[in-house]
Amino acid sequence: MIILLAIFISPQVFATNIPSSARAERSIASVEADLRKGLSGKGLEYGSPIFIRIFKDPGVLEVWIESDNGAVVNFKNYDICTFSGNLGPKLKEGDNQSPEGFYFVNSGRLN
């Protein structure tokens with residue numbers, strides 16, 4: 001089964017009011033330079049729209065980023081150590097299933 005989580009964030013979204021904190025600012029500062037370097041190495045830009053795809057089985061999170069020509073490029077993959085519930089969709093609140101589907105996340109939903 002697949003969890004598909006679509007997150008499209010454009011530079012215009014970042015220009016809006018994104019929740020922030022001292023902790024968030026420290027986290028950004030600790031990874032931003034390496035992230036920019038990694039993106040540049042693949043011809044990608046910081047702040048470009050992204051798509052995140054999660055597979056419960058085999059336990060992989062993929063980060064895809066839109067390039068200047070509109071193609072979506074696999075930037076990086078991460079192993080997932082666990083997820084809640086079993087394979088299959090979330091049916092009701094409290095069933096301990098990880099939600100599956102497509103989700104748009106704008107700046108108001110960032111935490």
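Buried, in these legends, means under 20% relative accessible area, exposed means over 50%, and partly exposed covers what falls in between. With that in hand, here is a short tour of the predicted model.

**View 1. The whole chain shows two helices and four strands.** Start at the N terminus and walk along the sequence: the elements come in the order β-α-α-β-β-β. The chain has 111 residues, and 26% of them count as buried. Its accessible surface comes to about 7700 Å², with 56% of that belonging to carbon and sulfur atoms. Among contacts with a separation of 6 or more, 52% join residues that are 24 or more positions apart.

**View 2. Confidence varies along the chain, from strand β1 with the lowest mean pLDDT among the elements to strand β4 with the highest.** The mean pLDDT of the chain is 80, and 77% of the residues reach 70 or more. Strand β1 (residues 2–5) has a mean of 40, while strand β4 (residues 72–79) has a mean of 94. Over residues 1–15 the pLDDT is below 50, and this stretch has 57 contacts in the model beyond near neighbours in sequence.

**View 3. Arg53 and Glu62 form a salt bridge.** Their closest N and O atoms are 2.7 Å apart. Is Glu62 buried or partly exposed? Glu62 has a relative accessibility of 11%, so it counts as buried, since the cut-off for that class is under 20%. Its partner Arg53 has a relative accessible area of 25% and is therefore partly exposed. Arg53 is found in strand β2 (residues 50–55). While you are here, look across to Asn77: it lies 24 residues from Arg53 along the chain, and the two C-alpha atoms are separated by 9.4 Å.

**View 4. Within helix α2, Glu32 and Arg36 lie four residues apart.** Helix α2 spans residues 22–41, and the spacing of Glu32 and Arg36 is about one turn of the helix. Their side chains meet in a salt bridge, with 3.0 Å from N to O. Side chains of opposite charge can pair when their charged atoms come close. Glu32 is partly exposed, with a relative accessible area of 23%. Arg36 is partly exposed too, at 41%.

**View 5. Arg36 lies over the face of Tyr46.** How far is Arg36 from the ring centre of Tyr46? The distance is 3.9 Å. This is the Arg36 whose side chain also meets Glu32 in a salt bridge, so it is worth keeping both partners in the frame as you look at this partly exposed residue. As for rings meeting rings, a search of the whole structure finds zero aromatic pairs.

**View 6. The side chains of Asp95 and Lys90 meet in a salt bridge.** The N to O distance here is 3.0 Å. Which class of exposure does Asp95 fall into? With a relative accessibility of 21%, Asp95 counts as partly exposed, because the buried class ends under 20%. Lys90 has a relative accessibility of 36% and also counts as partly exposed. A search of the whole structure finds three salt bridges, and the pair Asp95 and Lys90 is one of them.

Key:
Residues numbered from 1 in each chain as written. Heavy atoms only, no water. Buried < 20%, exposed > 50% of the residue type's maximum accessible area, 1.4 Å probe, protein only. Contact = heavy atoms within 4.5 Å. Areas by Shrake-Rupley, 256 points an atom, 1.4 Å probe, with all protein chains shown as cover. Salt bridge = Lys/Arg side-chain N within 4 Å of Asp/Glu carboxyl O. pLDDT = per-residue confidence, 0-100. Phe/Tyr/Trp six-rings, centres within 6.5 Å; stacked < 30°, edge-to-face > 60°. Lys NZ or Arg CZ within 6 Å of the ring centre and 35° of its normal.
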